[in-house]
Amino acid sequence: MASKKAGTNPNLKIAAGALVCEDCELVGDITIGSRTVIHPKARIVAESGPIVIGEYNIIEELVTITNSSKVDNGSGKVLIIGNNNVFEVGANVHAVRIGDHNVIESKAHIGPKVEIGTGCIVGAGCKLTMAEQLADNTVIYGSKCERRIQRERPPAQTLQIDFLTKILPNYHYLMKPNTQPAARASSKK
């Protein structure tokens, strides 16, 4: 099993601008995008296949993200998490894929055969265990996990990311980025 320290996990890729606390557990082939914040005590485990986390995501304390998907030949699929997602305290995620601009609230559970679109909210304590694909802008809420479609997707959390970027380094040791963002092609006129 791979170690949780960035220097001892050769399969861990942290983009420049990402903020990853040393106190989290990162196991396996994981790629973390720029401006993503991973709080202490978060746990990300690439058990069956790689995990690719996009940009501007917030993964809070005690969140567990596990790629336990298996395909017929025994190897796992890549778990792709898009951009601008928020995983609140204690969320447990085993999803196949997660799009952009989603909020997984506290203590929510996403099962291993669930695919989440864009702009979805899974409410606090809600459990999704059946194989399904959530339509864009779906909101799951309440003790009975009722559903509705919202008109607009949740807003990006850029102000919270800016705040965390200033505060977390004052109280926690951080892992150093080990990859540079892709250079953008400049257009000449």
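The legends below describe close-up views of a predicted model.

**View 1. Confidence along the chain.** The mean pLDDT of the chain is 90, and 88% of the residues score at least 70. Residues 1-6 stay under 50 in pLDDT. For this segment the model has 16 contacts beyond four places in sequence.

**View 2. The open sheet that ends at β3 and β18.** The sheet is open and holds 6 strands in the order β3-β6-β9-β12-β15-β18, with parallel pairing. Its edge strands are β3 (25-27) and β18 (127-128), each of which pairs on one side only. Strand β15 (residues 109-110) runs parallel to β18 and is joined to β18 by 2 bridges. Within this pair, I110 stands opposite L128 of β18. Strands of a sheet pair through backbone hydrogen bonds, either parallel or antiparallel.

**View 3. Strand β20 with its partners β17 and β21.** Strand β17 (residues 121-122) pairs with strand β20 (residues 138-141) in the parallel sense, over 2 bridges. The bridge partner of I121 in β20 is V139. With strand β21 (residues 146-149), β20 pairs in the antiparallel sense over 4 bridges. T138 has I149 as its bridge partner in β21. β20 and β21 form a hairpin, and 4 residues lie between them. In the turn, G142 has a positive phi of about 80 degrees.

**View 4. N137 in the loop between β19 and β20.** The loop that holds N137 lies between β19 (132-134) and β20. N137 has a relative accessible area of 18%, which is under the 20% cut-off, so N137 counts as buried. Leaving aside neighbours within four places in sequence, N137 is in contact with T118, G119 and C120. Its other contacts in that list are R148, I149, Q150, R151, E152 and R153.

**View 5. G54 in the loop between β7 and β8.** G54 is placed in the loop between β7 (51-53) and β8. The relative accessibility of G54 is 14%, so this glycine counts as buried. Not counting residues up to four places away in sequence, G54 touches G33, T36, I81, G82 and N83. G54 and S34 are 20 residues apart in sequence, and their C-alpha atoms are 7.4 Å apart in space.

**View 6. Helix α1, its bend and its buried residues.** Helix α1 (residues 158-171) has 14 residues, which at 1.5 Å a residue should span 20 Å. The end C-alpha atoms of α1 are 21 Å apart, in agreement with that value. The helix bends by about 30 degrees at T165, and a proline, P169, follows within four residues. I161, L164 and L168 are buried in α1. An α-helix has 3.6 residues a turn, so residues three or four places apart point the same way. The buried residues of α1 pack against β2 (19-20), β5 (37-38) and β8 (58-59).

**View 7. Cysteines C21 and C126 without disulfides.** A disulfide is a covalent bond between the sulfur atoms of two cysteines. With a cut-off of 2.5 Å between sulfur atoms, the count comes to 0 disulfides. For C21, the closest cysteine sulfur is that of C24, at 6.8 Å, which is too far for a bond. C126 is in no disulfide either, and the nearest cysteine sulfur, in C145, is 3.7 Å away. C21 is buried, at 0% relative accessibility. C126 also counts as buried, at 0% relative accessibility.

Notes
Residues numbered from 1 in each chain as written. Predicted model: local features only at pLDDT ≥ 70, side-chain atom pairs only at ≥ 80, totals over all residues. Heavy atoms only, no water. Pairing = 2+ DSSP bridges. Buried < 20%, exposed > 50% of the residue type's maximum accessible area, 1.4 Å probe, protein only. Contact = heavy atoms within 4.5 Å. Expected span 1.5 Å × (residues − 1). Bend = angle between axes of the 7 residues up to and from the residue. pLDDT = per-residue confidence, 0-100.
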